[in-house]
Amino acid sequence: NPLGGRSFTVDKFHQAPHHFIKVVHTRFEKSNIRSYQQTHQWSVRTVPRKTIPQAKFSYDLSPVEVIVRKGERRWYDFLTSVFAIIGGAFTVMSMTSGLLTFASTQFKASINKLG
């Protein structure tokens, strides 16, 4: 329960808390356990002078269901990830080398102009 044991107070007269609660259905596929995840946000709203301040609750029941399952990772997924890391490192090193070579030639050219 996202509101359990908590108190919500306002600092001034003619203000009231407004609670927004989102509920998402969640199912764990392996154990077939069903549960609901609830998220809570709240804000303070100003009410007109002649009305009585009341706490307001807005529920948003999500039409989407979250299914949690454990996926197997195949050997070729691992191999692809390793090659991607190696290729990315090679690319970064090549770009760094090219940048340093360019900067070095520019520096040498500027020194020759001074002398």
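Residues count as buried when their relative accessible area is under 20%. In this predicted model, buried residues make up 15% of the 115 residues in the protein chain. The accessible surface of the chain comes to about 10,100 Å². Carbon and sulfur atoms supply 61% of that surface.

The overall dimensions depart from those of a compact globule. For 115 residues, such a globule would have a radius of gyration near 13 Å, whereas the protein chain has 30 Å. Along the principal axes, the C-alpha trace spans about 85 × 50 × 25 Å. Contacts were also examined by sequence separation. Among contacts with a separation of 6 or more, 64% join residues 24 or more positions apart.

The secondary structure consists of one helix and three strands. From the N terminus, the order of elements is β-β-β-α. The three strands form an open sheet with the order β2-β1-β3. Pairing within this sheet is mixed. Strands β2 (33-46) and β3 (56-68) are the edge strands, each pairing on one side only. From one strand to the next, the twist averages 15°.

The two pairings of β1 were considered in turn. Strand β1 comprises residues 15-28 and runs parallel to β3. The two strands are joined by 10 bridges. In this pairing, T26 stands opposite V66 of β3. Strands β1 and β2 pair in the antiparallel sense, over 14 bridges. Here R27 has R34 of β2 as its bridge partner. The hairpin of β1 and β2 has four residues between the strands. Within this hairpin, N32 takes a positive phi near 55°.

V68 provides a local view of strand β3. The residue has its place in that strand. Its relative accessible area is 36%, so V68 is partly exposed. Leaving aside residues up to four places away in sequence, V68 touches T26, R27, F28 and E29. V68 and R49 are 19 residues apart in sequence. Their C-alpha atoms are nevertheless 49 Å apart in space.

Aromatic rings were counted as paired when their centres lie within 6.5 Å. By this rule there are two aromatic pairs. One is formed by F8 and W42, with ring centres 4.8 Å apart. The planes of these rings stand at 70° to each other, and the pair is edge-to-face. F8 lies in the segment before β1 and W42 in strand β2, so the pair ties together parts that are 34 residues apart in sequence. W42 has a relative accessibility of 34% and therefore counts as partly exposed.

The rings of W75 and Y76 form an aromatic pair as well. Their centres are 5.7 Å apart. Because their planes lie at 80°, this pair is edge-to-face, the cut-off for that class being over 60 degrees. W75 has a relative accessible area of 65% and is exposed. Y76, at 43% relative accessibility, counts as partly exposed.

Note on methods: Residues are numbered from 1 along each chain as its sequence is written. This is a predicted model: local features need pLDDT of at least 70, side-chain atom pairs count only at pLDDT 80 or more; totals for chains, interfaces and linings use all residues. Side-chain values use heavy atoms; hydrogens and water are left out. Two strands pair if DSSP finds at least two bridges between them. Axes are lines fitted to C-alpha atoms, for helices over the stretch in contact, and angles run from 0 to 180 degrees between N-to-C directions. Rings of Phe, Tyr and Trp (its six-membered ring) pair if their centres lie within 6.5 Å; planes under 30 degrees apart count as stacked, over 60 as edge-to-face and the rest as tilted. Buried means under 20% relative accessible area, exposed over 50%, partly exposed in between (1.4 Å probe, protein chains only). The radius of gyration is taken over C-alpha atoms; the globule rule is 2.2 Å times the number of residues to the power 0.38. Contact means heavy atoms within 4.5 Å. Accessible areas come from the Shrake-Rupley method with a 1.4 Å probe; for residues, only the protein chains shown count as cover.
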